[in-house]
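Me: I have a model open at the bench and would like a close look at one part of it. Could you take me through that part and show how it sits in the rest of the chain?

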Amino acid sequence: MRVTVIDYKAGNLTSVLKALHHLGAETIVTDGDLALVESAERIVLPGVGHFAATERLDATGLTGAIRAAIARDVPFLGICVGMQWLYAVRAKRRSNRGLDIFLNSARTLPRALKKFPTWAGTRLK
């Protein structure tokens, strides 16, 4: 399995690469090579931090290449900010544009869901 990992200087790249290698994946890391995204079999977009970091994807031209790959049904995994980026906008800062795959906006979880109880058998409703 070959996985193209997008490095936009805001992701938890090392941990994601370790996990993929543990699973036996062949990884290719790119921070702007559009040809690698265009030929990708699978794409992972890790992220840590602020949604605004995804602006680098626009600046490098990766946004269009990723959008085209998703349209070709290339499997895509967004982690943390990478997942939020799939939405049209981030709710708190509507100026931060996302990929617009999911309509609406990425929102912060309600306070009650931010801390999960630690006892066994707990389920979210």
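**A close look at R2 and its strand**

Reply: Happy to help! Please keep in mind that this is a predicted model. Leaving out neighbours within four places in sequence, R2 is in contact with E26, I28, S39, E41 and R42. R2 itself is found in strand β1. Two of its partners are reached through polar atoms. The R2 side chain comes to 3.0 Å from the backbone oxygen of S39, and a polar contact of 3.4 Å joins the side chains of R2 and E41.

Now let's follow the strand. β1 covers residues 2-6, and five bridges join β1 to β2, with the two strands running parallel. β2 spans residues 26-30. One pairing to look for on your screen is V5, whose bridge partner in β2 is V29.

How do two parallel strands get connected here? β1, α1 and β2 make a right-handed β-α-β unit. The helix in that unit, α1, runs over residues 13-22. Its buried residues are L13, V16, L17 and L20. Seen down the axis of α1, these fall within an arc of 100°, so they line one face of the helix. That fits a general point: an α-helix has 3.6 residues a turn, so residues three or four places apart point the same way. What covers the buried residues of α1 includes β1, β2 and β3. On the face turned away from the buried side, α1 carries the exposed residues T14, K18 and H22. After α1 comes G24, with a positive phi near 90°.

From here we can move to the cores. Of the 19 residues in the largest nonpolar core, I6, Y8, V37, I43, L57, I66 and W85 touch the most other members. β3 (43-45) and α4 (62-71) each supply at least two residues of this core, and its largest share, five residues, comes from α4. A second, separate core of eight residues includes V5, V16, L20 and A25. V5 is the residue that pairs with V29 in β2, while V16 and L20 are among the buried residues of α1. In general, nonpolar side chains tend to be buried together in soluble globular proteins.

I43 is a good place to zoom in on the largest core. Not counting residues up to four places away in sequence, I43 touches T4, I6, V37, A69, V74, P75, F76 and L77.

A69 in turn leads to α4, whose buried residues are L62, T63, A65, I66, A69 and I70. They cover an arc of only 165° around the axis, which puts them on the same side of α4. What covers these buried residues includes β1, α2 (34-38), β3, α3 (55-59) and β4 (76-78). β1 is thus listed among the covering elements for α4, and it is also listed for α1. α4 is followed by D73, whose phi is positive, near 70°.

Finally, let's step back to the chain. Its secondary structure comes to six helices and seven strands, and from the N terminus on the elements run β-α-β-α-β-α-α-β-α-β-β-β-α. Buried residues make up 37% of the 125 residues. Among contacts with a separation of 6 or more, 62% are between residues 24 or more positions apart.

How values were computed. Residues are numbered from 1 along each chain as its sequence is written. This is a predicted model: local features need pLDDT of at least 70, side-chain atom pairs count only at pLDDT 80 or more; totals for chains, interfaces and linings use all residues. Side-chain values use heavy atoms; hydrogens and water are left out. A nonpolar core is a set of buried Ala, Val, Leu, Ile, Met, Phe, Trp, Tyr and Cys residues joined through side-chain atoms within 4.5 Å. Buried means under 20% relative accessible area, exposed over 50%, partly exposed in between (1.4 Å probe, protein chains only). Helices (H or I, at least four residues) and strands (E, at least two) are DSSP runs, numbered from the N terminus. Contact means heavy atoms within 4.5 Å. The arc is that of the directions from the helix axis to the C-beta atoms. A polar contact is a pair of N or O atoms within 3.5 Å; within protein, one must be able to donate a hydrogen and the other to accept it, and residues adjacent in sequence count only if both atoms are side-chain atoms. Two strands pair if DSSP finds at least two bridges between them. A crossover is right-handed if, with the strands pointing away from the viewer, the path from the first strand over the helix to the second runs clockwise.
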